Amino acid sequence: MNPSGEDPFSVPRRGRRIGISDLCAVESRVSALDGLDQMLGSGGLKEAAEAELSFVTELIAHAVYDSATGTRLHGLAAVAADLSGWIAYDCGDTAASAAHYRMALAAAGSSGSPELQAYVTGAIADWYCDEGHPRAALDLLETIDMDQWSGRLNERTAAFLQGSSAFAHALLGQTAACERDLEMAQLTLLQDSGVEGTFLNSWFTQSRLELWSGQALLSLDRPRQALRHYEVLDTGAYPVAENPRAAALHLTRAAMSQLRLGELEAAVACAGRAQELLEGVESARTSAFMASLRCALAGYQDVRAVREFLNPPR
């Protein structure tokens, strides 16, 4: 929402008339930006994403449209704001990310779509966890009544919410609750019809849940168990080539797991793979993870493999 507290998605003013075909064109552009972000990272995309969001909000404020188009337009605003929030966060702009996510939640509420409301709620909960506020994440997730919304949510979105809850519990050291939510997410994805509720949730598959499980277990200081889940990066089940940034991020976590177990050469091998994947990818968030890993490895430069990784020949 804007600083004045007014809803930015209010009754439109009079202007040019738009219809569903116009929205389809904008949706295609937003979806294309999402694809570029997954492949290349957020670098250079922040202004483009914010321009799309601004264009949609201008349509809401000034265009003329019927009820059906208006509902879909508010949904598109939620999608564009969510994407802008994620891209800003991946660029390292936390303040802009928070503002975009607030707008996404407001727009999702105006869209009347339980699917969008749930997805955006999960995205913000995930953001809270990344920012070190797992209790705030759980408080937000509790606003979604899963029993009331049963049958109204796409399986991937429902599993995403359960996975977000699991990670928040892991950060709080609540092992039983974390394991419960991960099991629920697994069961939910087993019922996945394959029909996406929104392109935003297309990434939350069985293999991605495996990676999230590894992340949660690492947070619970169970690196050996975490590594079993990170094996999905080697089996071909997870599309590494199509998601280099995400794969690199989880490889750094796998390397940290191996480091905790004293498996230094394996940790270096994972770190090397992550570094290769990041070539051509611009992501401040993932680069920060890699820098933290390199810092952790720096204490083991008496090991040749570590030394050669940190100080490669020129």
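These legends describe an overview and several close-up views of a predicted model.

**Figure 1. The whole protein is built from helices.** The secondary structure comes to 15 helices and zero strands. The radius of gyration is 21 Å, close to the 20 Å that the globule rule gives for 314 residues, so the protein is as compact as a globular protein of that length. Along the principal axes, the C-alpha trace spans about 70 × 45 × 35 Å. Of the 314 residues, 49% count as buried. Contacts between residues at least 6 apart in sequence were also examined, and 69% of them join residues at least 24 apart. The protein exposes about 14,300 Å². Carbon and sulfur atoms supply 52% of that area.

**Figure 2. Tyr-89 and Trp-127 form an aromatic pair between two helices.** The protein has ten aromatic pairs. In one of them, Tyr-89 and Trp-127 meet edge-to-face. The ring centres are 6.3 Å apart, and the planes stand at 65 degrees. That angle is over 60 degrees, the cut-off for edge-to-face. Tyr-89 lies in helix H3 (residues 67-90), while Trp-127 lies in helix H5 (residues 114-130). The pair therefore ties together parts that are 38 residues apart in sequence. Tyr-89 is buried, at 10% relative accessible area. Trp-127 is buried too, at 13%.

**Figure 3. Trp-203 and Trp-212 form a tilted pair.** The ring centres of Trp-203 and Trp-212 are 5.9 Å apart. Their planes make an angle of 45 degrees, so the pair counts as tilted. Both Trp-203 and Trp-212 are buried. These two residues also belong to a cluster joined by ring pairs. Its other members are Tyr-119, Phe-160 and Phe-204.

**Figure 4. Asp-181 is a buried residue of helix H8.** Helix H8 covers residues 175-190, and Asp-181 has its place there. The relative accessible area of Asp-181 is 5%. This value is under 20%, so Asp-181 counts as buried. Leaving out residues up to four places away in sequence, Asp-181 touches Gln-162, Ser-165, Ala-166 and His-169.

**Figure 5. Ser-219 sits in helix H9 and is partly exposed.** Helix H9 covers residues 206-219, and Ser-219 is found in it. Relative accessibility here is 32%, so Ser-219 counts as partly exposed. Beyond residues up to four places away in sequence, Ser-219 touches Phe-167, Ala-170 and Leu-171. Asp-192 is 27 residues from Ser-219 in sequence. In space, the C-alpha atoms of Ser-219 and Asp-192 are 27 Å apart.

**Figure 6. Met-39 of helix H1 contributes to a nonpolar surface patch.** Met-39 lies in helix H1, which covers residues 20-40. Its relative accessibility is 37%, so Met-39 counts as partly exposed. Leu-36, Met-39 and Leu-40 make the patch, which has an area of about 250 Å². Met-39 also touches Ala-241, Glu-242, Pro-244 and Val-281, with residues up to four places away in sequence not counted. Ala-246 is 207 residues from Met-39 in sequence. In space, the C-alpha atoms of Met-39 and Ala-246 are 9.3 Å apart.

How values were computed. Residues numbered from 1 in each chain as written. Predicted model: local features only at pLDDT ≥ 70, side-chain atom pairs only at ≥ 80, totals over all residues. Heavy atoms only, no water. Helix = DSSP H or I, 4+ residues; strand = E, 2+ residues; numbered from the N terminus. Buried < 20%, exposed > 50% of the residue type's maximum accessible area, 1.4 Å probe, protein only. Contact = heavy atoms within 4.5 Å. Patch = residues over 30% accessible without salt bridge, like charges linked within 9 Å, V, L, I, M, F, W, Y side chains within 5 Å. Areas by Shrake-Rupley, 256 points an atom, 1.4 Å probe, with all protein chains shown as cover. Salt bridge = Lys/Arg side-chain N within 4 Å of Asp/Glu carboxyl O. Rg over C-alpha atoms; globule rule 2.2 N^0.38 Å. Phe/Tyr/Trp six-rings, centres within 6.5 Å; stacked < 30°, edge-to-face > 60°.
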